[in-house]
Amino acid sequence: KILNKYCSFVYLTQDNPKYENPFRIMREMAKGLDVGKYLMVESRAKAIKFAHKLTKKENFVLVIIGKGMEEYQDIATFVK
């Protein structure tokens, strides 16, 4: 509800999915978001770069939420 109210666009990305399917996690995160208001990007680095470019073109504020303190991703092969 907060994202729908205050954000014009949301990039959803993975954060340490370990053995889970990152797109399944992102689909769960997207529940409740307005259609067309978000994009799922598997790479956290790419999602941040896309969003940062948008802030340069428009008058946007970029907010990055999540753990973010770690300098690594805990990603292992998942079973589909």
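Accessible areas were obtained by the Shrake-Rupley method with a 1.4 Å probe. On this basis, the accessible surface of the protein, taken from a predicted model, comes to about 6600 Å². Carbon and sulfur atoms account for 57% of that surface. The protein has 80 residues, of which 20% count as buried.

The secondary structure consists of three helices and two strands. Read from the N terminus, these elements follow the order α-β-α-β-α. Contacts between distant parts of the chain were also counted. Among the contacts with a separation of 6 or more, 69% join residues that are 24 or more positions apart. An example of two residues separated along the chain is given by Gly36 and Phe9, which are 27 residues apart in sequence. The C-alpha atoms of Gly36 and Phe9 are separated by 8.4 Å. Gly36 itself is found in the loop that runs between helix H2 (22–30) and strand E2 (38–40). Gly36 counts as exposed because its relative accessibility is 62%, and the cut-off for exposed is over 50%.

Charged side chains were examined next. Side chains of opposite charge can pair when their charged atoms come close. A search of the whole structure gives two salt bridges. One of these links Glu20 with Arg24, with 3.7 Å between the closest N and O atoms. Both partners lie in the intermediate class of accessibility: Glu20 is partly exposed at 39%, and Arg24 is partly exposed at 43%. In the salt bridge between Glu28 and Lys31, the N to O distance is 3.1 Å. Here the partners fall into separate classes. Glu28, with a relative accessible area of 47%, is partly exposed, whereas Lys31, with 59%, is exposed. The reason is that partly exposed residues lie between 20% and 50%, while exposed residues lie over 50%.

A group of positive charges was also found at the surface. Lys46, Lys49, Lys53, Lys56 and Lys57 form a positive surface patch. Of the residues in this patch, Lys46 was considered further. Lys46 is located in helix H3, which covers residues 44–57. The relative accessible area of Lys46 is 48%, so this residue counts as partly exposed. Lys46 can belong to the patch at this value because patches are made of residues with over 30% relative accessible area and no salt bridge.

Methods:
Residues are numbered from 1 along each chain as its sequence is written. This is a predicted model: local features need pLDDT of at least 70, side-chain atom pairs count only at pLDDT 80 or more; totals for chains, interfaces and linings use all residues. Side-chain values use heavy atoms; hydrogens and water are left out. Patches are made of residues with over 30% relative accessible area and no salt bridge: like charges are joined within 9 Å, nonpolar side chains (Val, Leu, Ile, Met, Phe, Trp, Tyr) within 5 Å. A salt bridge is a side-chain nitrogen of Lys or Arg within 4 Å of a carboxyl oxygen of Asp or Glu. Lys and Arg count as positive and Asp and Glu as negative; His and the chain ends are not counted. The place of a charge is taken as NZ of Lys, CZ of Arg, CG of Asp or CD of Glu. Helices (H or I, at least four residues) and strands (E, at least two) are DSSP runs, numbered from the N terminus. Buried means under 20% relative accessible area, exposed over 50%, partly exposed in between (1.4 Å probe, protein chains only). Contact means heavy atoms within 4.5 Å.
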